[in-house]
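Please describe the surroundings of the ligand and the settings of two asparagine residues, with the cut-offs behind each term.

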Amino acid sequence: MEIILAEKMGFCFGVKRTVNETQKLVDQNLIDAITFGPIIHNNDVITYFNQKGITYVNNLEELKQKLKEKKINTVVIRTHGVRKDILEEIKKLNLKVINGTCPYVTKVHKIVEKMSREGYPILIIGKADHPEIIGVTGYIDNNVPYFIIKNEEELNQIDFSKIKKIAVVSQTTEKIEKVQKIVSKLISFIPEVRYFKTICYATDENQEAVHKLAPNVDIMIVIGGKSSSNTKKLFEIAKQYCDRTYHIENEKDLDINWFNYDDKVGITAGASTPDWVIHNVINKIKEFSDILKNNTVKV
Ligand code: SF4
């Protein structure tokens, strides 16, 4: 079996930054800390920090409850960011706040805040229930409408008859092809469309690497959290080229029956997948390779 790694994959700048900040708390034994939301969409990393004593809360009420029950003095904001009003409430609590919001997400906050203040309705391309998008909506001025669509078809469900101008952003992990289609459709019927490319560089690079790798392998393994948007997008792209594409969280999800002894195996990983998980997967596939090779020789 030949294993080929995508040219770009794994931990991105934003995830590294927040994980490192949280790791510093562990290193300094400052574990009277909690994260606001799972810091990244990766269960292995969340479990690791849990074991070190840093757990997470899902919302403000839970955070206030934790403050009452347990002596916590630090809160780390997840990479996906939070709504502006929530951040302001958190800052009022007597806690040290480490804002782990990725700067690429902060950029989206600033764009929607500015454009909505200038009176532009906002169209967001992404998943309405994703924490990043929930956070972004919290920066839109209340006086303008906003819409969230996850695909081109959902444009048809919106009444644009009174809209003469609009600002468009997307989730940082969106696929560029989808965004391009939606923007070209919008410009055919709205006189002023201001599009801001908010797909982050890590998403661009990781997706581009899968476009290159997936057509040239027999099987693709995509490693990352099941709720990680950018990992799901990598899976969708790989699947376009390679029928035998599998999305796994870690080496425990691998199945030897997926592989043939002479396969070319492509590997990619989402932006929230740590290197140690990737290494474990590679080692497991190497073990499979040896087993399959031996079995083939015996036959
Ligand atoms: S995927 Fe992009 S936006 Fe998300 S944390 Fe990484 S660099 Fe930031």
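## Two asparagines and a ligand site

The side chain of Asn 250 reaches the backbone nitrogen of Lys 252 at 3.0 Å, a polar contact in the sense of a pair of N or O atoms within 3.5 Å, where within protein one must be able to donate a hydrogen and the other to accept it, and residues adjacent in sequence count only if both atoms are side-chain atoms. This is a predicted model, in which local features need pLDDT of at least 70 and side-chain atom pairs count only at pLDDT 80 or more, while totals for chains, interfaces and linings use all residues. Residues are numbered from 1 along each chain as its sequence is written, and side-chain values use heavy atoms, with hydrogens and water left out.

Not counting residues up to four places away in sequence, Asn 250 touches Asp 44, Val 277 and Val 281, contact meaning heavy atoms within 4.5 Å. The table sets Asn 250 beside Asn 156; strands are DSSP runs (E, at least two residues), numbered from the N terminus.

| Residue | Loop between | Relative accessibility |
|---|---|---|
| Asn 250 | β11 (245-248) and β12 (264-269) | 11% |
| Asn 156 | β7 (146-149) and β8 (165-170) | 58% |

Asn 250 is therefore buried at 11%, and Asn 156 is exposed at 58%, since buried means under 20% relative accessible area and exposed over 50% (1.4 Å probe, protein chains only). Asn 156 lies 31 Å from His 41, C-alpha to C-alpha, with their positions 115 residues apart in sequence.

The ligand is surrounded by Cys 12, Gly 14, Val 15, Cys 102, Tyr 104, Thr 172, Cys 200 and Ala 271, each with a heavy atom within 4 Å of it.

How values were computed: Helices (H or I, at least four residues) and strands (E, at least two) are DSSP runs, numbered from the N terminus.
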